[in-house]
Amino acid sequence: MKQTKFLISLALSAIVCIVALAACSADKKTKAEQTAHVAEAQKTDKHENGSAQAQNSGGSDSSTLAAESAGIPTVIDFYATWCGPCKAIAPLFEMLKGEYSSKIKFVSVDVDQDIAMAGKYKIEAMPTFVFLDADGNEIDRIVGADQQKLAEMVDRLANK
C-alpha cells in the first residue's frame with residue numbers, strides 16, 4: 001500500500017514537472033529564432049520607414065534618443081508585449097505623457113524589438129522606467145509597475 005502511494009506521488013510529481021516545463025517552453029523561441037526575427041524587423045524597418053518609424057513607434061536607437069532628448073528630460077519605458085505588469089501600467093504612462101509632454105519626452109522601448117537599447121541601459125526586468133536629465137544622463141530608474149512612484153517621479157522631473 002505504501003509503495004503504491006509512493007509510486008502515485010512520484011508519477012504525479014513527474015506529470016507536474018512535465019506540464020510546467022512544457023508551459024515554460026511553449027511560448028519561448030530559441031535564441032537563434034529571436035535574433036533572426038529582430039534582425040529582420042530592424043532591416044525591414046530601416047528600409048521601409050526610415051527613422052520616422054522609430055520615432056512614431058517609440059522605438060529608438062541610442063544615438064537617435066540622445067539627439068532627440070537634448071535639452072529636455074526624458075522618461076524611457078522599457079516594456080515587453082507579453083508582460084502583464086507592463087500592460088497594467090501602460091495607461092498611466094500614456095496619461096502622464098499627455099499631461100507632461102511639453103516638459104518631458106516620453107519614449108517606449110519594446111525590449112524584444114530593440115535589444116541594443118535594452119542592453120545599453122542594462123534592463124533586467126520589465127517594466128523599467130529610466131529617467132534622463134536634459135543632457136541625456138540617467139538620473140534615476142524604477143523597476144516594476146509602481147504607479148504611485150512613477151507619477152511622483154515624472155512630476156518631480158517636470159518641476160525641476
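The paragraphs below walk through the fold, the cores and a few individual residues of this protein.

The structure is a predicted model. In it, the protein has six helices and four strands. Read from the N terminus, these elements follow the order α-α-α-β-α-β-α-β-β-α. The chain holds 160 residues, and 28% of them are buried. About 10200 Å² of the protein is exposed, and carbon and sulfur atoms supply 58% of that area. Among contacts between residues at least 6 apart in sequence, 65% join residues at least 24 apart.

A good place to start a tour of the fold is the pairing of strand 1 with strand 2. Strand 1 spans residues 74-79 and pairs with strand 2 in the parallel sense, over six bridges. Within this pairing, Phe-78 of the one strand stands opposite Val-109 in strand 2. To get from strand 1 to strand 2, the chain passes through helix 4, residues 84-100, and the resulting β-α-β crossover is right-handed. Strand 2 itself covers residues 105-110; five of its six residues are buried, so this strand is largely enclosed by the rest of the structure.

Beyond strand 2 comes the loop that leads to helix 5, and Asp-114 is found there. Despite the charged side chain one might picture for an aspartate, the reader will find Asp-114 on the buried side of the count, with a relative accessible area of 12%; the cut-off for buried is under 20%. The C-alpha atom of Asp-114 is separated by 9.6 Å from that of Phe-78, a residue 36 places away along the chain.The nonpolar interior comes next. The largest nonpolar core has 16 residues, and the members that touch the most others are Val-75, Ile-104, Phe-106, Phe-131, Leu-150 and Val-154. Helix 4, strand 3 (128-132) and helix 6 (147-158) each supply at least two residues of this core. A second, separate core is made up of 14 residues, among them Cys-86, Met-117, Tyr-121 and Val-130.

Leu-150 is a helpful residue to follow through the interior. Apart from residues up to four places away in sequence, Leu-150 touches Ile-89, Leu-92, Leu-96, Phe-129, Phe-131 and Ile-142. One of these partners, Ile-89, lies in helix 4 and is buried at 1% relative accessibility. Ile-89 and Leu-150 are 61 residues apart along the chain, while their C-alpha atoms are separated by 9.3 Å. With neighbours within four places in sequence left aside, the contacts of Ile-89 are Pro-127, Phe-129, Ala-145, Asp-146, Gln-147 and Leu-150.

Two residues in that contact list lead out into loops. Asp-146 sits in the loop between strand 4 (138-143) and helix 6, and at 37% relative accessibility this aspartate counts as partly exposed. Asp-146 is 61 residues from Pro-85 in sequence, and the two are 9.3 Å apart in space, C-alpha to C-alpha. Pro-127, for its part, belongs to the loop between helix 5 (115-120) and strand 3.

The backbone of this loop deserves a look as well. Most residues other than glycine have a negative phi, and most peptide bonds are trans. The bond joining Met-126 and Pro-127 is a cis peptide bond, with omega about -5 degrees. Lys-122 is not a glycine, yet has a positive phi of about 55 degrees. Like Pro-127, Lys-122 is found in the loop between helix 5 and strand 3. With a relative accessible area of 64%, Lys-122 is exposed, the cut-off for that class being over 50%.

Finally, the charged side chains give a count of one salt bridge. This salt bridge brings together the side chains of Glu-138 and Arg-141, at 2.8 Å from N to O. Both partners are partly exposed: Glu-138 has 39% relative accessibility, and Arg-141 has 26%.

Key:
Residues numbered from 1 in each chain as written. Predicted model: local features only at pLDDT ≥ 70, side-chain atom pairs only at ≥ 80, totals over all residues. Heavy atoms only, no water. Buried < 20%, exposed > 50% of the residue type's maximum accessible area, 1.4 Å probe, protein only. Pairing = 2+ DSSP bridges. Right-handed = clockwise from strand over helix to strand, strands pointing away. Core = buried A, V, L, I, M, F, W, Y, C linked by side-chain atoms within 4.5 Å. Contact = heavy atoms within 4.5 Å. Areas by Shrake-Rupley, 256 points an atom, 1.4 Å probe, with all protein chains shown as cover. Salt bridge = Lys/Arg side-chain N within 4 Å of Asp/Glu carboxyl O.
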